[in-house]
Amino acid sequence: MRLLVLAVSVSAVALAAACAAPGQDAARPGDPVETRPANGAEQQPAFPGQTRAPGVRTEATLAHTVVASGLVEPWGLALLPDGRWLVTERPGRLRIITAEGAVGEPVAGLPAVDSRGQGGLLDVVTGPSFGQDRMIYWSYAEPREGGNATSVARGRLSDDGTRVEGVQVIFRATPTYDGDKHYGSSLAFAPDGKLFITLGERSDAPMRPQAQDLGSHMGKTIRINADGSVPSDNPFVGRAGALPEIWSLGHRNVQGVAIAGDEVWTIEHGTRGGDELNLERAGLNYGWPDVAYGVEYRGAPINAGITAREGTTQPVYYWDPVIAPGGMTFYDGAMFPGWRGNLLVASLKEKHIARLVLENGEVVGEERLMTDLGERIRDVAVAADGAVWAITDETDGKLVRLASAN
């Protein structure tokens with residue numbers, strides 16, 4: 001493990017220019033940042049602004065600093081009250097990294113993970129009462145007889161941060177499946193202490209229909225209490241054949257969740273086109289695989305190219321072509337007052353942080369930040385001073401700080 005500090009100052013104009021193709025001028029203010037042809041060329045958005053929102057620019061000079069490197073496929077990022085960071089590495093390690101870049105040894109006591117394909121140690125969050133009980137929560141691909149599936153565990157982070165104690169598995173997605181893709185899984189606590197867990201439908205064609213099956217956790221968003229019990233007001237409690245932990249259904253592979261007040265926002269991967277931003281409501285069906293934007297990886301339409309159907313809910317926003325979204329967070333810091341209430345979305349494929357401006361539940365502006373880093377952004381978070389921190393999903397993964405250079 002090594003520390004690498006590299007500061008790059010980038011003006012707003014330079015950021016916009018970085019998004020333009022070589023030899024082209026930067027996009028004019030208001031032009032969408034996405035200019036590539038859509039894969040679902042015959043598909044149309046359901047309402048104005050559902051895709052390719054007007055481009056916006058931050059009128060400030062930004063600088064990013066690579067604080068730590070040498071991480072192996074970091075996946076989840078969570079801030080501790082003392083300003084240090086919890087960072088997961090997909091092969092199964094949890095580390096604590098200081099704001100100065102000192103990388104700790106792996107935290108002991110975590111259960112084994114199945115790190116094949118997209119599996120492994122995934123997200124991590126601190127509990128709502130961490131200051132009193134030091135509880136942390138993490139999601140992972142759990143090896144099981146006959147395969148694996150996403151599970152969530154919790155434990156007490158020791159006072160010296162070297163181990164987790166009293167580990168309990170509080171949620172196990174079912175059914176078990178012998179695959180290596182689409183585990184989800186992002187975690188977020190709501191203000192009332194309920195824990196939201198996002199899940200994928202495991203990708204393979206035989207598993208896709210389970211996103212519509214209330215007897216399966218696959219392709220669902222889950223809501224549980226912090227101890228793993230089921231809230232009595234979950235939408236499917238008491239329905240015959242339905243798993244009571246389910247909050248919403250019809251998802252493909254949700255890898256980001258962010259909560260503001262009583263609003264739960266999730267973001268999920270499409271195929272070739274169709275990355276979605278959803279405002280989730282209890283009991284709603286978000287369509288996969290019956291309706292979707294974009295096309296199959298091989299180029300054929302998804303379910304005849306249908307993008308709307310009665311009983312399904314449209315995404316607030318979608319990307320076609322995809323950006324391959326990772327984690328996301330709401331910005332609530334003091335460093336960039338103009339960003340407050342905006343969503344910051346990690347982009348893996350297009351290697352940037354997408355800043356989405358929201359008004360009345362719609363996306364009205366989009367900016368691409370940190371494009372010059374040139375690495376897959378997996379997760380993003382905001383520190384106490386308002387700086388934005390991110391991790392890159394690489395074999396030489398990095399912890400990066402984005403801040404005002406003024």
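A residue is termed buried here when its relative accessible area is under 20%. With that cut-off in mind, the following tour moves through a predicted model.

**First stop: strand 23**

Select residues 388-392, which form strand 23. Five of its five residues are buried, and the strand is accordingly described as mostly covered. Colour the two faces separately: V388, A390 and T392 lie on one side, while W389 and I391 lie on the other. Both faces are covered, since every one of these residues is buried. In a regular strand, side chains alternate between the two faces of the sheet.

**Second stop: the partners of strand 23**

Add residues 377-382, strand 22, to the selection. Strand 22 pairs with strand 23 in the antiparallel sense, over five bridges. To find the register, display I377, which stands opposite T392 of strand 23. The two strands form a hairpin with five residues between them. Within that turn, select G386 and inspect its backbone: phi is positive, at about 95°.

Next, extend the selection to residues 397-404, strand 24. Strand 23 and strand 24 run antiparallel and are joined by four bridges. Here the residue to display is A390, which faces V400 in strand 24. This pair of strands also makes a hairpin, with four residues between them.

**Third stop: strand 7**

Move to residues 135-144, strand 7. Is this strand enclosed or open to its surroundings? Nine of its ten residues are buried, so strand 7 is largely enclosed by the rest of the structure.

Select residues 121-126 to bring in strand 6, which pairs with strand 7 in the antiparallel sense over four bridges. V124 and W138 mark the register, with V124 standing opposite W138 in strand 7.

Then select residues 147-157, strand 8. Ten bridges join strand 8 to strand 7, and the two run antiparallel. R144 stands opposite G147 of strand 8. Two residues separate the strands in this hairpin. G146, in the turn, has a positive phi of about 90°.

**Last stop: R95**

Finally, select R95, located in strand 5 (residues 93-97). Its relative accessible area is 10%, which places R95 under the 20% cut-off and therefore among the buried residues. Show the side chain of E89 as well: a polar contact of 2.7 Å joins the side chains of R95 and E89. For a distance check, pick the C-alpha atoms of R95 and F130; they are 17 Å apart, with the residues separated by 35 positions along the chain.

Methods. Residues are numbered from 1 along each chain as its sequence is written. This is a predicted model: local features need pLDDT of at least 70, side-chain atom pairs count only at pLDDT 80 or more; totals for chains, interfaces and linings use all residues. Side-chain values use heavy atoms; hydrogens and water are left out. Buried means under 20% relative accessible area, exposed over 50%, partly exposed in between (1.4 Å probe, protein chains only). A polar contact is a pair of N or O atoms within 3.5 Å; within protein, one must be able to donate a hydrogen and the other to accept it, and residues adjacent in sequence count only if both atoms are side-chain atoms. Two strands pair if DSSP finds at least two bridges between them.
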